[in-house]
Amino acid sequence: MKKKFTWNSNFETGNTEIDKQHKNFFGLVDILTNNIDHASAFAVISPKHKVEILKIVIDLKQYAVYHFQTEERILLKKRYSGIIAHKKLHNDFLRKVLDFEDALFDGELTVSIKLRDFLSKWWADHILTQDIKYAKELKLGYALQSQ
């Protein structure tokens, strides 16, 4: 069984809206993990589990698009200097998820496990490096404007 993908204060960017969306994404990854763990009890992924996992992946993808649009809108409004590179990371993520989604249609359980691991690692790394980077820049900009 995979360790729970747990939110903690290290992931906070200081933006309430973005942090709430990040927390929601952690919850969706946990739902996916629970379904994959349940399906792992069987030698071959059943059609029922395949459909459930695909539905969750579609929800994750749609939520990621919504979150990325929200985040990019905020970063543009705040004139974040790294917005172009940040948006590219988001686009690369979505392409990778689409690749996993296509592979899942073949019903391979190993693909769903790889997807779960990718999502957990990508989101944690992305928030702790990229999102924290913009959070620091935006806080610094706010502090400079306040002086």
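Helix axes here are lines fitted to C-alpha atoms over the stretch in contact, and the angle between two of them runs from 0 to 180 degrees between N-to-C directions. With that in hand, welcome to a short tour of this predicted model.

**The chain as a whole**

The protein chain holds 4 helices and 0 strands. Read from the N terminus, its elements follow the order α-α-α-α. Of the 147 residues in the chain, 44% are buried. Among contacts with a separation of 6 or more, 75% join residues that sit 24 or more positions apart. The accessible surface amounts to about 8700 Å², and carbon and sulfur atoms own 58% of that area.

**Helices H2 and H3**

Let us start with a helix pair. Helix H2 covers residues 47–77 and helix H3 covers residues 83–104. The two pack at an angle of about 170 degrees, and their axes are 11 Å apart. This angle makes H2 roughly antiparallel to H3, because angles over 145 degrees are counted that way. The residues of the H2 contact with H3 comprise 15 nonpolar, 2 polar and 6 charged ones.

H2 itself has 31 residues. From its first C-alpha to its last it reaches 45 Å, close to the 45 Å expected at 1.5 Å a residue. Glu-52 belongs to this helix and is partly exposed, with a relative accessible area of 30%.

**The loop after H2**

What is the phi of Arg-79, just after H2? Arg-79 takes a positive phi of about 60 degrees, although it is not a glycine. For background, most residues other than glycine have a negative phi. Arg-79 sits in the loop between H2 and H3. Its relative accessibility is 73%, so Arg-79 counts as exposed, the cut-off for that class being over 50%.

**Thr-13 and His-22**

Now to two residues from the N-terminal part of the numbering. Thr-13 is placed in the segment before helix H1 (16–40), while His-22 lies in H1. Is Thr-13 buried or exposed? Thr-13 is buried, as its relative accessible area is 3%. His-22 is buried too, with a value of 0%. Both assignments follow because buried means under 20% relative accessible area.

Which residues does Thr-13 touch, not counting residues up to four places away in sequence? The set is Ile-18, Asp-19, His-22, Asp-131, Ile-132, Tyr-134, Ala-135 and Lys-139. With neighbours within four places in sequence left aside, His-22 is in contact with Trp-7, Phe-11, Thr-13, His-67, Glu-71, Trp-123, Ile-127 and Asp-131. Asp-131 therefore appears among the contacts of Thr-13 and also among those of His-22, and the two residues touch each other.

**Pairs across the sequence**

The table sets out separations along the chain beside C-alpha to C-alpha distances for three pairs.

| Pair | Separation in sequence | C-alpha to C-alpha distance |
|---|---|---|
| Thr-13 and Tyr-134 | 121 residues | 8.3 Å |
| His-22 and Ala-64 | 42 residues | 9.4 Å |
| Glu-52 and Ala-39 | 13 residues | 9.8 Å |

Thr-13 and Tyr-134 are not just listed with a C-alpha distance of 8.3 Å; Tyr-134 is also one of the residues that Thr-13 touches.

Methods. Residues are numbered from 1 along each chain as its sequence is written. This is a predicted model: local features need pLDDT of at least 70, side-chain atom pairs count only at pLDDT 80 or more; totals for chains, interfaces and linings use all residues. Side-chain values use heavy atoms; hydrogens and water are left out. Angles under 35 degrees count as roughly parallel, over 145 as roughly antiparallel, 65 to 115 as roughly perpendicular and the rest as oblique. Ala, Val, Leu, Ile, Met, Phe, Trp, Tyr, Cys and Pro count as nonpolar, Asp, Glu, Lys and Arg as charged, and the others, Gly among them, as polar. The expected span of a helix is 1.5 Å times one less than its number of residues. Buried means under 20% relative accessible area, exposed over 50%, partly exposed in between (1.4 Å probe, protein chains only). Contact means heavy atoms within 4.5 Å. Accessible areas come from the Shrake-Rupley method with a 1.4 Å probe; for residues, only the protein chains shown count as cover.
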